[in-house]
Amino acid sequence: MMEVLGSETGEVMQYQFSTEQLQFQQQVEDFLKENLPASVATKVRNGAFVSKAELTDWTRILNARGWAAPNWPEQYGGTGWNLTYRHIFDVACRRHHAPALSGFGFNMVGPAIIKYGSEAQKAEFLPKIRNADLWFCQGYSEPQAGSDLASVRTRAERDGDDYVVNGSKIWTSGAEMADWIFCLVRTNPDVQQQKGISFLLLDITSPGVSLKPLYAFNGKRLWNQVFFEDVRVPVSQRLGDEDRGWTVAKSLLGDERLMVSRVAENKRILANLRETFAHQVQRGINLPEGARTHINELDIRLQALEATSLRILTAFDGGDQIGAEPSMLKLKGSELVQAQDELLFTLVDYMALPLDAATGGEAVSPDWAEYVASGRYHHRGFTIAGGSSEVQHNIIAKQVLGL
Ligand SMILES: Cc1cc2nc3c(=O)[nH]c(=O)nc-3n(C[C@H](O)[C@H](O)[C@H](O)COP(=O)(O)OP(=O)(O)OC[C@H]3O[C@@H](n4cnc5c(N)ncnc54)[C@H](O)[C@@H]3O)c2cc1C
(Lines give C-alpha, C1' and ligand atoms only; values in the text may rest on other atoms or scores of the structure.)
Protein backbone atom coordinates (compact mmCIF):
# COMPACT_ATOMS: atom_id res chain seq x y z
CA MET A 1 0.00 0.00 0.00
CA MET A 2 1.14 3.50 -0.69
CA GLU A 3 -0.11 6.80 0.62
CA VAL A 4 0.80 10.12 -0.89
CA LEU A 5 -0.05 13.42 0.73
CA GLY A 6 -0.41 16.65 -1.14
CA SER A 7 -2.54 16.03 -4.22
CA GLU A 8 -4.02 19.08 -5.98
CA THR A 9 -7.06 19.10 -3.71
CA GLY A 10 -5.03 18.41 -0.61
CA GLU A 11 -6.66 15.05 0.05
CA VAL A 12 -4.77 11.79 0.49
CA MET A 13 -4.22 9.83 -2.73
CA GLN A 14 -4.15 6.16 -1.91
CA TYR A 15 -3.26 3.13 -3.96
CA GLN A 16 -4.06 -0.25 -2.58
CA PHE A 17 -3.19 -3.36 -4.55
CA SER A 18 -6.04 -5.91 -4.79
CA THR A 19 -5.81 -9.39 -3.22
CA GLU A 20 -5.11 -10.89 -6.68
CA GLN A 21 -2.36 -8.35 -7.32
CA LEU A 22 -0.76 -9.09 -3.94
CA GLN A 23 -0.92 -12.83 -4.66
CA PHE A 24 0.73 -12.22 -8.00
CA GLN A 25 3.44 -10.16 -6.30
CA GLN A 26 4.10 -13.06 -3.91
CA GLN A 27 4.28 -15.52 -6.82
CA VAL A 28 6.90 -13.36 -8.53
CA GLU A 29 8.89 -12.97 -5.29
CA ASP A 30 8.89 -16.76 -4.77
CA PHE A 31 10.02 -17.36 -8.33
CA LEU A 32 12.87 -14.87 -7.98
CA LYS A 33 14.04 -16.40 -4.69
CA GLU A 34 14.19 -19.83 -6.30
CA ASN A 35 15.54 -18.99 -9.74
CA LEU A 36 17.64 -15.85 -9.79
CA PRO A 37 21.34 -16.87 -9.56
CA ALA A 38 22.80 -15.31 -6.40
CA SER A 39 26.06 -14.42 -8.18
CA VAL A 40 24.16 -12.34 -10.76
CA ALA A 41 22.00 -10.64 -8.12
CA THR A 42 25.15 -9.66 -6.20
CA LYS A 43 26.64 -8.11 -9.32
CA VAL A 44 23.47 -6.12 -10.00
CA ARG A 45 23.29 -5.06 -6.34
CA ASN A 46 26.79 -3.66 -6.49
CA GLY A 47 26.55 -2.20 -10.00
CA ALA A 48 29.15 -4.59 -11.43
CA PHE A 49 29.13 -5.67 -15.09
CA VAL A 50 26.71 -8.48 -15.94
CA SER A 51 28.04 -10.41 -18.93
CA LYS A 52 26.09 -11.23 -22.07
CA ALA A 53 26.28 -14.94 -21.12
CA GLU A 54 24.76 -14.25 -17.68
CA LEU A 55 22.03 -12.09 -19.17
CA THR A 56 21.31 -14.74 -21.79
CA ASP A 57 20.93 -17.40 -19.09
CA TRP A 58 18.58 -15.22 -17.05
CA THR A 59 16.50 -14.38 -20.13
CA ARG A 60 16.13 -18.10 -20.85
CA ILE A 61 15.08 -18.87 -17.26
CA LEU A 62 12.36 -16.21 -17.55
CA ASN A 63 11.40 -17.40 -21.03
CA ALA A 64 10.96 -20.97 -19.79
CA ARG A 65 8.52 -19.58 -17.18
CA GLY A 66 6.74 -17.52 -19.87
CA TRP A 67 7.80 -14.24 -18.24
CA ALA A 68 10.54 -12.92 -20.51
CA ALA A 69 8.25 -10.59 -22.46
CA PRO A 70 5.68 -9.13 -20.03
CA ASN A 71 4.69 -6.46 -22.54
CA TRP A 72 3.99 -8.77 -25.51
CA PRO A 73 0.60 -10.31 -26.32
CA GLU A 74 0.18 -13.93 -25.28
CA GLN A 75 0.00 -15.18 -28.87
CA TYR A 76 3.64 -14.12 -29.32
CA GLY A 77 4.85 -15.67 -26.10
CA GLY A 78 4.13 -12.64 -23.90
CA THR A 79 2.22 -12.63 -20.65
CA GLY A 80 -0.74 -10.45 -21.65
CA TRP A 81 -0.37 -8.60 -18.30
CA ASN A 82 -1.76 -5.08 -18.01
CA LEU A 83 0.56 -2.21 -17.09
CA THR A 84 -0.14 -2.47 -13.36
CA TYR A 85 0.89 -6.15 -13.32
CA ARG A 86 3.95 -5.27 -15.33
CA HIS A 87 4.78 -2.58 -12.78
CA ILE A 88 4.45 -5.08 -9.90
CA PHE A 89 6.66 -7.57 -11.77
CA ASP A 90 9.25 -4.93 -12.58
CA VAL A 91 9.45 -3.65 -8.99
CA ALA A 92 9.82 -7.20 -7.61
CA CYS A 93 12.57 -8.02 -10.13
CA ARG A 94 14.54 -4.88 -9.29
CA ARG A 95 14.05 -5.41 -5.54
CA HIS A 96 15.71 -8.82 -5.87
CA HIS A 97 18.43 -7.29 -8.08
CA ALA A 98 17.48 -9.19 -11.21
CA PRO A 99 19.24 -7.74 -14.25
CA ALA A 100 17.06 -5.87 -16.76
CA LEU A 101 16.68 -7.76 -20.04
CA SER A 102 17.73 -6.21 -23.34
CA GLY A 103 15.35 -3.28 -23.83
CA PHE A 104 16.18 -3.08 -27.54
CA GLY A 105 14.66 -6.50 -28.22
CA PHE A 106 11.91 -6.75 -25.62
CA ASN A 107 10.68 -3.16 -25.34
CA MET A 108 11.56 -1.62 -28.68
CA VAL A 109 11.92 -3.71 -31.81
CA GLY A 110 9.88 -6.70 -30.50
CA PRO A 111 6.66 -4.68 -30.02
CA ALA A 112 7.33 -2.90 -33.35
CA ILE A 113 7.63 -6.26 -35.16
CA ILE A 114 4.40 -7.41 -33.48
CA LYS A 115 2.63 -4.27 -34.72
CA TYR A 116 4.16 -3.74 -38.16
CA GLY A 117 5.97 -6.97 -39.07
CA SER A 118 4.95 -9.50 -41.72
CA GLU A 119 4.05 -12.99 -40.53
CA ALA A 120 7.45 -14.15 -41.79
CA GLN A 121 9.24 -11.45 -39.76
CA LYS A 122 7.26 -12.31 -36.63
CA ALA A 123 8.05 -16.02 -37.02
CA GLU A 124 11.71 -15.29 -37.67
CA PHE A 125 12.51 -12.75 -34.97
CA LEU A 126 10.12 -12.95 -32.02
CA PRO A 127 11.05 -16.42 -30.68
CA LYS A 128 14.75 -15.59 -31.07
CA ILE A 129 14.44 -12.29 -29.18
CA ARG A 130 12.43 -13.99 -26.42
CA ASN A 131 15.10 -16.63 -25.89
CA ALA A 132 18.05 -14.23 -26.24
CA ASP A 133 19.18 -16.14 -29.34
CA LEU A 134 19.35 -12.87 -31.22
CA TRP A 135 20.35 -9.49 -29.79
CA PHE A 136 19.38 -6.18 -31.37
CA CYS A 137 20.81 -2.70 -30.94
CA GLN A 138 19.22 0.62 -31.88
CA GLY A 139 20.44 2.70 -34.83
CA TYR A 140 18.47 5.93 -34.50
CA SER A 141 20.88 8.76 -33.59
CA GLU A 142 23.32 10.16 -36.10
CA PRO A 143 26.11 12.72 -35.74
CA GLN A 144 23.71 15.37 -37.09
CA ALA A 145 20.43 13.87 -35.85
CA GLY A 146 19.80 13.37 -32.13
CA SER A 147 16.89 15.29 -30.64
CA ASP A 148 15.90 16.19 -34.18
CA LEU A 149 15.62 12.56 -35.18
CA ALA A 150 13.56 13.17 -38.32
CA SER A 151 16.63 14.65 -39.98
CA VAL A 152 18.40 11.27 -40.33
CA ARG A 153 20.72 11.21 -43.34
CA THR A 154 21.79 7.58 -43.63
CA ARG A 155 20.63 6.73 -47.15
CA ALA A 156 19.02 3.51 -48.37
CA GLU A 157 18.70 3.34 -52.15
CA ARG A 158 16.71 0.68 -53.89
CA ASP A 159 18.63 -1.71 -56.16
CA GLY A 160 16.48 -4.63 -57.28
CA ASP A 161 15.38 -6.64 -54.24
CA ASP A 162 17.91 -4.90 -51.98
CA TYR A 163 18.51 -1.52 -50.42
CA VAL A 164 22.05 -0.22 -50.53
CA VAL A 165 22.78 1.58 -47.26
CA ASN A 166 25.40 4.30 -46.76
CA GLY A 167 25.94 6.54 -43.76
CA SER A 168 26.61 6.38 -40.05
CA LYS A 169 24.85 5.98 -36.71
CA ILE A 170 26.25 7.15 -33.39
CA TRP A 171 25.76 6.48 -29.66
CA THR A 172 24.74 2.93 -30.55
CA SER A 173 24.73 1.21 -27.16
CA GLY A 174 25.82 -2.42 -27.08
CA ALA A 175 26.42 -2.74 -30.85
CA GLU A 176 29.54 -4.76 -30.06
CA MET A 177 27.34 -7.42 -28.41
CA ALA A 178 24.46 -7.26 -30.87
CA ASP A 179 23.71 -9.60 -33.76
CA TRP A 180 21.34 -7.24 -35.57
CA ILE A 181 20.59 -3.52 -35.63
CA PHE A 182 17.30 -1.74 -36.31
CA CYS A 183 17.80 1.47 -38.21
CA LEU A 184 16.00 4.56 -39.41
CA VAL A 185 17.18 5.32 -42.94
CA ARG A 186 16.27 7.89 -45.56
CA THR A 187 14.61 6.31 -48.58
CA ASN A 188 13.24 9.52 -50.08
CA PRO A 189 15.18 12.80 -49.76
CA ASP A 190 12.68 14.82 -51.84
CA VAL A 191 9.71 14.94 -49.49
CA GLN A 192 8.99 16.39 -46.05
CA GLN A 193 11.57 14.88 -43.64
CA GLN A 194 9.19 12.56 -41.74
CA LYS A 195 7.71 11.19 -44.97
CA GLY A 196 10.92 9.84 -46.50
CA ILE A 197 12.16 7.53 -43.72
CA SER A 198 12.07 3.71 -43.66
CA PHE A 199 12.75 1.26 -40.84
CA LEU A 200 15.24 -1.53 -41.61
CA LEU A 201 16.38 -4.61 -39.69
CA LEU A 202 19.86 -5.68 -40.60
CA ASP A 203 22.50 -8.20 -39.68
CA ILE A 204 25.35 -6.28 -38.08
CA THR A 205 27.87 -8.71 -39.55
CA SER A 206 26.77 -7.79 -43.12
CA PRO A 207 29.67 -6.82 -45.40
CA GLY A 208 30.22 -3.05 -45.27
CA VAL A 209 29.22 -2.57 -41.60
CA SER A 210 32.00 -1.46 -39.25
CA LEU A 211 32.08 -0.34 -35.62
CA LYS A 212 34.18 2.24 -33.82
CA PRO A 213 34.07 1.97 -30.03
CA LEU A 214 33.10 5.05 -27.98
CA TYR A 215 34.02 5.11 -24.29
CA ALA A 216 32.26 6.81 -21.41
CA PHE A 217 34.43 8.75 -18.99
CA ASN A 218 34.38 5.88 -16.49
CA GLY A 219 36.34 3.96 -19.12
CA LYS A 220 33.47 1.68 -20.15
CA ARG A 221 32.75 0.97 -23.79
CA LEU A 222 29.21 2.26 -23.66
CA TRP A 223 28.54 3.15 -27.28
CA ASN A 224 29.72 2.76 -30.83
CA GLN A 225 29.70 4.67 -34.02
CA VAL A 226 28.39 2.34 -36.72
CA PHE A 227 29.41 2.92 -40.33
CA PHE A 228 27.56 1.60 -43.38
CA GLU A 229 29.36 1.41 -46.69
CA ASP A 230 27.33 -0.02 -49.58
CA VAL A 231 25.62 -2.47 -47.24
CA ARG A 232 23.08 -4.61 -49.10
CA VAL A 233 19.88 -5.20 -47.13
CA PRO A 234 17.07 -7.30 -48.63
CA VAL A 235 13.82 -5.33 -49.04
CA SER A 236 12.12 -8.14 -47.07
CA GLN A 237 13.97 -6.80 -43.98
CA ARG A 238 12.09 -3.51 -44.03
CA LEU A 239 9.58 -3.18 -41.20
CA GLY A 240 6.38 -1.47 -42.33
CA ASP A 241 5.91 0.36 -45.62
CA GLU A 242 8.60 2.18 -47.54
CA ASP A 243 8.84 5.85 -46.49
CA ARG A 244 6.53 5.15 -43.52
CA GLY A 245 9.28 4.31 -41.04
CA TRP A 246 8.55 7.42 -38.98
CA THR A 247 5.23 5.84 -37.94
CA VAL A 248 7.10 2.73 -36.73
CA ALA A 249 9.71 4.89 -34.97
CA LYS A 250 7.07 6.96 -33.16
CA SER A 251 5.13 3.88 -32.08
CA LEU A 252 8.34 2.35 -30.74
CA LEU A 253 9.15 5.50 -28.75
CA GLY A 254 5.56 5.63 -27.46
CA ASP A 255 5.73 2.04 -26.18
CA GLU A 256 9.06 2.84 -24.54
CA ARG A 257 7.72 5.99 -22.89
CA LEU A 258 4.99 4.16 -20.99
CA MET A 259 7.54 2.32 -18.87
CA VAL A 260 10.12 5.05 -18.43
CA SER A 261 9.39 6.18 -14.90
CA ARG A 262 12.31 4.16 -13.51
CA VAL A 263 10.29 3.62 -10.32
CA ALA A 264 11.60 0.08 -9.92
CA GLU A 265 15.22 1.12 -10.48
CA ASN A 266 14.82 4.07 -8.12
CA LYS A 267 13.46 1.77 -5.41
CA ARG A 268 16.46 -0.48 -5.83
CA ILE A 269 18.87 2.45 -5.48
CA LEU A 270 16.98 3.81 -2.46
CA ALA A 271 17.33 0.42 -0.74
CA ASN A 272 21.07 0.57 -1.50
CA LEU A 273 21.21 4.08 -0.04
CA ARG A 274 19.58 2.99 3.21
CA GLU A 275 21.84 -0.07 3.43
CA THR A 276 24.94 2.02 2.78
CA PHE A 277 23.85 4.54 5.41
CA ALA A 278 23.49 1.69 7.94
CA HIS A 279 26.89 0.21 6.98
CA GLN A 280 28.60 3.57 7.46
CA VAL A 281 26.90 4.25 10.78
CA GLN A 282 28.01 0.82 11.96
CA ARG A 283 31.57 1.55 10.86
CA GLY A 284 31.51 4.80 12.86
CA ILE A 285 32.05 6.94 9.75
CA ASN A 286 31.17 10.62 10.10
CA LEU A 287 28.35 11.20 7.66
CA PRO A 288 27.37 14.58 6.23
CA GLU A 289 24.91 16.48 8.37
CA GLY A 290 21.31 15.90 7.36
CA ALA A 291 22.08 12.72 5.40
CA ARG A 292 19.19 10.81 6.98
CA THR A 293 16.76 13.66 6.22
CA HIS A 294 18.07 13.81 2.68
CA ILE A 295 17.36 10.07 2.21
CA ASN A 296 13.83 10.57 3.51
CA GLU A 297 13.30 13.48 1.11
CA LEU A 298 14.37 11.27 -1.79
CA ASP A 299 12.00 8.59 -0.53
CA ILE A 300 9.11 11.09 -0.61
CA ARG A 301 10.03 12.12 -4.17
CA LEU A 302 10.02 8.44 -5.11
CA GLN A 303 6.61 7.86 -3.54
CA ALA A 304 5.22 10.84 -5.47
CA LEU A 305 6.73 9.43 -8.67
CA GLU A 306 5.26 5.99 -8.05
CA ALA A 307 1.81 7.45 -7.28
CA THR A 308 1.88 9.50 -10.48
CA SER A 309 3.15 6.55 -12.48
CA LEU A 310 0.46 4.21 -11.12
CA ARG A 311 -2.20 6.85 -11.75
CA ILE A 312 -1.18 7.06 -15.42
CA LEU A 313 -0.74 3.29 -15.82
CA THR A 314 -4.12 2.46 -14.26
CA ALA A 315 -5.81 5.11 -16.43
CA PHE A 316 -4.20 3.48 -19.48
CA ASP A 317 -5.29 0.01 -18.30
CA GLY A 318 -8.81 1.41 -17.88
CA GLY A 319 -8.86 2.38 -21.56
CA ASP A 320 -7.97 6.10 -21.27
CA GLN A 321 -5.86 7.68 -23.99
CA ILE A 322 -2.46 8.68 -22.66
CA GLY A 323 -0.96 11.82 -24.12
CA ALA A 324 2.36 13.35 -23.24
CA GLU A 325 2.15 12.55 -19.50
CA PRO A 326 4.86 9.85 -19.65
CA SER A 327 7.31 12.67 -20.43
CA MET A 328 6.83 13.80 -16.82
CA LEU A 329 7.72 10.29 -15.64
CA LYS A 330 10.80 10.16 -17.85
CA LEU A 331 11.97 13.57 -16.61
CA LYS A 332 11.34 13.02 -12.90
CA GLY A 333 12.45 9.36 -12.88
CA SER A 334 15.81 10.06 -14.50
CA GLU A 335 16.46 13.13 -12.33
CA LEU A 336 15.69 11.11 -9.21
CA VAL A 337 18.17 8.37 -10.17
CA GLN A 338 20.84 11.04 -10.47
CA ALA A 339 19.91 12.71 -7.15
CA GLN A 340 20.11 9.33 -5.40
CA ASP A 341 23.44 8.53 -7.06
CA GLU A 342 24.78 11.85 -5.85
CA LEU A 343 23.92 11.13 -2.22
CA LEU A 344 25.14 7.52 -2.45
CA PHE A 345 28.44 8.83 -3.76
CA THR A 346 28.71 11.26 -0.82
CA LEU A 347 27.94 8.53 1.72
CA VAL A 348 30.49 6.14 0.27
CA ASP A 349 33.07 8.93 0.20
CA TYR A 350 36.69 7.85 -0.39
CA MET A 351 35.60 4.24 -0.76
CA ALA A 352 34.21 5.17 -4.17
CA LEU A 353 37.84 5.08 -5.32
CA PRO A 354 37.78 1.64 -6.88
CA LEU A 355 41.46 0.79 -6.78
CA ASP A 356 44.32 1.66 -4.53
CA ALA A 357 47.57 2.14 -6.41
CA ALA A 358 49.49 1.57 -3.16
CA THR A 359 48.15 -1.99 -2.93
CA GLY A 360 49.12 -2.71 -6.53
CA GLY A 361 45.67 -2.20 -7.95
CA GLU A 362 43.58 -4.09 -5.43
CA ALA A 363 40.18 -2.79 -4.51
CA VAL A 364 40.24 -0.89 -1.21
CA SER A 365 36.49 -0.78 -0.80
CA PRO A 366 33.88 -3.25 0.31
CA ASP A 367 32.14 -4.56 -2.79
CA TRP A 368 28.96 -2.58 -2.11
CA ALA A 369 30.95 0.62 -2.53
CA GLU A 370 33.23 -0.36 -5.36
CA TYR A 371 31.06 0.64 -8.33
CA VAL A 372 29.27 3.65 -6.86
CA ALA A 373 31.36 6.22 -8.74
CA SER A 374 31.09 4.26 -11.95
CA GLY A 375 27.30 4.02 -11.60
CA ARG A 376 27.05 7.74 -10.93
CA TYR A 377 28.87 8.53 -14.18
CA HIS A 378 26.93 5.92 -16.11
CA HIS A 379 23.57 7.29 -14.99
CA ARG A 380 24.45 10.81 -16.17
CA GLY A 381 23.19 9.58 -19.53
CA PHE A 382 19.67 8.91 -18.22
CA THR A 383 18.61 12.54 -18.69
CA ILE A 384 19.84 12.43 -22.31
CA ALA A 385 19.09 8.96 -23.71
CA GLY A 386 15.58 8.40 -25.08
CA GLY A 387 14.98 12.17 -25.35
CA SER A 388 16.85 14.78 -23.29
CA SER A 389 15.31 16.63 -20.32
CA GLU A 390 15.14 19.86 -22.34
CA VAL A 391 13.10 18.06 -24.98
CA GLN A 392 10.82 16.56 -22.28
CA HIS A 393 10.31 20.07 -20.83
CA ASN A 394 9.25 21.28 -24.28
CA ILE A 395 6.77 18.41 -24.66
CA ILE A 396 5.30 18.97 -21.18
CA ALA A 397 5.03 22.74 -21.76
CA LYS A 398 3.24 22.34 -25.07
CA GLN A 399 1.21 19.17 -24.72
CA VAL A 400 0.47 18.87 -20.99
CA LEU A 401 0.38 22.52 -19.86
CA GLY A 402 -0.81 23.92 -23.20
CA LEU A 403 1.74 26.78 -23.12
C1 LIG B 1 23.58 6.50 -22.30
C2 LIG B 1 23.09 6.78 -23.68
C3 LIG B 1 22.74 5.73 -24.50
C4 LIG B 1 22.29 5.98 -25.80
N5 LIG B 1 22.00 4.90 -26.61
C6 LIG B 1 21.56 5.11 -27.86
C7 LIG B 1 21.30 3.99 -28.73
O8 LIG B 1 21.47 2.83 -28.36
N9 LIG B 1 20.88 4.25 -29.98
C10 LIG B 1 20.66 5.52 -30.44
O11 LIG B 1 20.22 5.66 -31.58
N12 LIG B 1 20.95 6.61 -29.66
C13 LIG B 1 21.39 6.42 -28.38
N14 LIG B 1 21.71 7.51 -27.58
C15 LIG B 1 21.64 8.83 -28.15
C16 LIG B 1 20.50 9.69 -27.60
O17 LIG B 1 19.25 9.26 -28.09
C18 LIG B 1 20.82 11.13 -28.01
O19 LIG B 1 22.00 11.50 -27.32
C20 LIG B 1 19.72 12.08 -27.65
O21 LIG B 1 18.60 11.84 -28.46
C22 LIG B 1 20.18 13.56 -27.81
O23 LIG B 1 20.74 13.75 -29.08
P24 LIG B 1 22.18 14.43 -29.26
O25 LIG B 1 23.15 13.73 -28.37
O26 LIG B 1 22.48 14.46 -30.74
O27 LIG B 1 22.05 15.90 -28.74
P28 LIG B 1 21.42 17.17 -29.50
O29 LIG B 1 20.11 16.77 -30.09
O30 LIG B 1 22.45 17.73 -30.41
O31 LIG B 1 21.20 18.13 -28.30
C32 LIG B 1 22.26 18.88 -27.68
C33 LIG B 1 21.67 19.68 -26.54
O34 LIG B 1 20.67 20.59 -27.04
C35 LIG B 1 19.42 20.38 -26.37
N36 LIG B 1 18.31 20.52 -27.33
C37 LIG B 1 18.18 19.89 -28.52
N38 LIG B 1 17.02 20.25 -29.10
C39 LIG B 1 16.41 21.12 -28.26
C40 LIG B 1 15.18 21.83 -28.29
N41 LIG B 1 14.34 21.72 -29.32
N42 LIG B 1 14.88 22.62 -27.24
C43 LIG B 1 15.71 22.73 -26.17
N44 LIG B 1 16.90 22.09 -26.09
C45 LIG B 1 17.24 21.29 -27.12
C46 LIG B 1 19.49 18.96 -25.85
O47 LIG B 1 18.68 18.79 -24.72
C48 LIG B 1 20.97 18.82 -25.50
O49 LIG B 1 21.22 19.35 -24.22
C50 LIG B 1 22.17 7.30 -26.28
C51 LIG B 1 22.52 8.36 -25.44
C52 LIG B 1 22.97 8.11 -24.16
C53 LIG B 1 23.36 9.27 -23.30
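The following paragraphs lead from the overall dimensions of the chain to its helix packing and then to three individual residues.

The structure is a predicted model. Its protein chain contains 13 helices and 12 strands. Along the principal axes, the C-alpha atoms occupy a box of roughly 70 × 60 × 45 Å. The radius of gyration is 22 Å, which agrees with the value near 22 Å that a compact globule of 403 residues would have. Of these 403 residues, 34% count as buried. Among the contacts in the protein chain with a separation of 6 or more, 71% join residues that are 24 or more positions apart.

Helix packing may be followed from helix H10, which spans residues 326–348. Its axis and that of helix H9 (residues 291–317) come within 10 Å and cross at roughly 160 degrees. Because angles over 145 degrees count as roughly antiparallel, H9 is roughly antiparallel to H10. The crossing of these two helices is left-handed. On the H9 side, the contact involves Ala291, His294, Ile295, Leu298, Arg301, Leu302, Leu305, Thr308, Ser309 and Ile312. H10 contributes Pro326, Met328, Leu329, Lys332, Gly333, Leu336, Ala339, Gln340, Leu343 and Leu347. Sorted by class, the residues of this contact comprise 13 nonpolar, 5 polar and 2 charged.

Helix H8 (residues 263–282) also packs against H10: the two axes come within 10 Å and cross at roughly 15 degrees. Since angles under 35 degrees count as roughly parallel, H8 is roughly parallel to H10. Here too the crossing is left-handed. From H8, the contact draws on Val263, Glu265, Asn266, Ile269, Leu270, Asn272, Leu273, Thr276, Phe277 and Gln280. The partners in H10 are Gly333, Leu336, Val337, Gln340, Leu343, Leu344, Leu347 and Val348. By class, this contact has 11 nonpolar, 6 polar and 1 charged residues. Several H10 residues take part in both contacts; Gly333 and Leu336, for example, appear in the contact with H9 and in the contact with H8.

Attention now turns to single residues. Arginine 186 lies in strand S6, which covers residues 180–186. This arginine is buried, because 22 other C-beta atoms lie within 10 Å and the cut-off for burial is 20 or more. Beyond residues up to four places away in sequence, Arginine 186 touches Val152, Arg153, Thr154, Arg155, Ala156, Gly196 and Ile197. By contrast, valine 28 is separated from arginine 186 by 158 residues in sequence and by 44 Å in space, C-alpha to C-alpha.

Two further residues are notable for their backbone geometry. Histidine 97 has a phi near 65 degrees, a positive value in a residue other than glycine. This histidine sits in the loop between helix H4 (83–95) and helix H5 (103–116). Histidine 97 counts as partly exposed because it has 19 C-beta neighbours inside 10 Å, whereas a buried residue needs 20 or more.

Alanine 132 likewise has a positive phi, near 55 degrees, and is a residue other than glycine. Its location is the loop between helix H6 (119–130) and strand S3 (136–139). With 22 C-beta neighbours inside 10 Å, alanine 132 counts as buried. Thus, under the cut-off of 20 or more C-beta atoms, alanine 132 is buried, while histidine 97 is partly exposed.

Key
Residues numbered from 1 in each chain as written. Predicted model: local features only at pLDDT ≥ 70, side-chain atom pairs only at ≥ 80, totals over all residues. Helix = DSSP H or I, 4+ residues; strand = E, 2+ residues; numbered from the N terminus. Rg over C-alpha atoms; globule rule 2.2 N^0.38 Å. Buried ≥ 20, exposed ≤ 12 C-beta atoms within 10 Å, placed from the backbone. Contact = placed C-beta atoms within 7 Å. Axes fitted to C-alpha atoms, helices over the stretch in contact; angles between N-to-C directions. Parallel < 35°, antiparallel > 145°, perpendicular 65-115°, else oblique. Left-handed = near helix turned anticlockwise from the far one by under 90°. Nonpolar A, V, L, I, M, F, W, Y, C, P; charged D, E, K, R; others polar.
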